[in-house]
Amino acid sequence: MISSASFRAEDAEVQLLAGSVSQAVQAMDGGARPMAMAAREANAFEAKVSEQKVGEFHLYSLPGRTTILPGRITTVALFDPASARYERHYVVRGQIPYWGGLYQSGDEQEAPVEVSYVLQRPRKTEFGDRPIPGGVARLFQADSSGRLQLVGESALDHTPAGEDLRLYAGNAFDLTAKRVQTTFATRRDSLPGGGWQTSATADYRVTLKNASDSAVSIDVEERRGGEWTVLSSSVPAQKVSSTLTRFRVAVPARGSATLRYRVKVIW
């Protein structure tokens, strides 16, 4: 998608260079030219292709000619439609602060249930063999009349061939979450070399509700830097990394589920 308030081009051949291209702050006389310009001139007499690799980047040549007018948005398809398998994920973000101390908070809080889609792009498939340029991805779904409706919009990084795409689509309407800290205790110990170390233990309850007609799985995630651990939980805790722990909770259709867990944080 191309948009400009002042740029104008009529009946133009357009090429797009995808990638993080380094450019000098000030061009020197007789020095290197921007890579996008050099690539365009080098291929001026070659056969047009839809995509090719130039250096460490990917060059897309739009078919035909395009007119770009000031203040207007011009949309041109880079690819033909392709089918891909996808997975829908629901995530509730944690309440524990990433750095600093853990403090008492007894008020129940609502937490959004985020929706994202992972588009699978295995190699040797039409969609998987394409390098995807960064930009904005829009997700559409057909309604009962077959009309496409916008159901999400997500920023998209440059993605090499064979890599899956993860697209954030907003917050779920029929899925809700409430979180409350049910217990809290702290302890302060002196260190052998001087100073103090504080630790806190807290219990949390997360109530998940599903108003839809289909059962779903919702991931409740806690992310924390430094020294911390999950002491117990009603659903198995998956330690994804040193900072991320995930609880995958099954929520029945038109029903609810409750997650309880205890953490210990040291700072």
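**Entry 1: Leu150 and a surface patch**

I began with Leu150, which I found in strand 12, the run of residues 148-156. I kept in mind from the start that this is a predicted model. Leu150 also helps to make a nonpolar surface patch of about 340 Å², and its partners in that patch are Phe140 and Leu148.

**Entry 2: The chain as a whole**

Next I looked up the overall make-up, and I noted one helix and 20 strands in the protein chain. The chain has 267 residues, of which 33% count as buried. Its exposed area is about 17200 Å², and carbon and sulfur atoms supply 49% of that area. I then asked how far apart in sequence the contacting residues are: among contacts with a separation of 6 or more, 70% are between residues 24 or more positions apart.

**Entry 3: Strands 14, 15 and 20**

I followed strand 14 (residues 175-190) into strand 15 (residues 196-210), and I saw that the two pair in the antiparallel sense over 15 bridges. One residue pair I could point to is Lys178 with its bridge partner Thr207 in strand 15. The two strands form a hairpin with five residues between them, and in the turn Gly194 has a positive phi of about 105 degrees.

Strand 15 is also joined to strand 20 (residues 255-266), here by 12 bridges, and these two strands run antiparallel as well. On this side I noted Leu208, whose bridge partner in strand 20 is Ala257.

**Entry 4: The nonpolar cores**

Which residues have the most contacts inside the largest nonpolar core? They are Leu208 and Ile218, in a core that has 38 residues. I wrote down the general background beside this: in soluble globular proteins, nonpolar side chains tend to be buried together.

For Ile218 I listed the residues that it touches, leaving out those up to four places away in sequence: Tyr90, Val92, Val113, Leu175, Leu208, Phe247, Arg248, Val249 and Val251. A second, separate core has five residues, including Ala12, Val14, Leu62 and Ile68.

**Entry 5: Ala12**

Since Ala12 belongs to that second core, I looked it up on its own and found it in strand 2, residues 9-12. Is Ala12 buried or exposed? Its relative accessibility is 18%, and because buried means under 20%, Ala12 counts as buried. Leaving aside neighbours within four places in sequence, Ala12 is in contact with Gly64, Arg65 and Thr66. Thr66 is 54 residues from Ala12 along the chain, yet their C-alpha atoms are separated by 5.2 Å.

**Entry 6: Salt bridges**

I then turned to charged side chains, with the general point in mind that side chains of opposite charge can pair when their charged atoms come close. The structure holds 14 salt bridges.

One of them joins Glu10 and Arg8, with the closest N and O atoms 2.7 Å apart, and Glu10 counts as exposed at 51% relative accessibility. Another joins Arg123 and Asp129, with 3.6 Å between the closest N and O atoms. Arg123 counts as exposed at 55% relative accessibility, whereas Asp129, at 37%, counts as partly exposed.

The third pair I checked is Asp219 with Arg248, whose side chains meet in a salt bridge at 2.6 Å, N to O. What does this pair tie together? Asp219 lies in strand 16 (residues 216-223) and Arg248 in strand 19 (residues 244-251), so the pair ties together parts that are 29 residues apart in sequence. Asp219 counts as buried, at 5% relative accessibility, while Arg248 is partly exposed, with a relative accessible area of 46%. These two residues also belong to a network of salt bridges that share partners, together with Arg93, Glu114, Glu221 and Arg246.

**Entry 7: Two loop residues with positive phi**

Finally I looked up two residues other than glycine that have a positive phi. Phi of Lys124 is near 65 degrees, and Lys124 is found in the loop between strand 10 (114-119) and strand 11 (135-142). Lys124 is exposed, with a relative accessible area of 81%.

Phi of Arg254 is near 50 degrees, again a positive value. I placed Arg254 in the loop between strand 19 and strand 20, where it counts as exposed at 66% relative accessibility.

Key: Residues are numbered from 1 along each chain as its sequence is written. This is a predicted model: local features need pLDDT of at least 70, side-chain atom pairs count only at pLDDT 80 or more; totals for chains, interfaces and linings use all residues. Side-chain values use heavy atoms; hydrogens and water are left out. Patches are made of residues with over 30% relative accessible area and no salt bridge: like charges are joined within 9 Å, nonpolar side chains (Val, Leu, Ile, Met, Phe, Trp, Tyr) within 5 Å. Accessible areas come from the Shrake-Rupley method with a 1.4 Å probe; for residues, only the protein chains shown count as cover. A salt bridge is a side-chain nitrogen of Lys or Arg within 4 Å of a carboxyl oxygen of Asp or Glu. Helices (H or I, at least four residues) and strands (E, at least two) are DSSP runs, numbered from the N terminus. A nonpolar core is a set of buried Ala, Val, Leu, Ile, Met, Phe, Trp, Tyr and Cys residues joined through side-chain atoms within 4.5 Å. Buried means under 20% relative accessible area, exposed over 50%, partly exposed in between (1.4 Å probe, protein chains only). Contact means heavy atoms within 4.5 Å. Two strands pair if DSSP finds at least two bridges between them.
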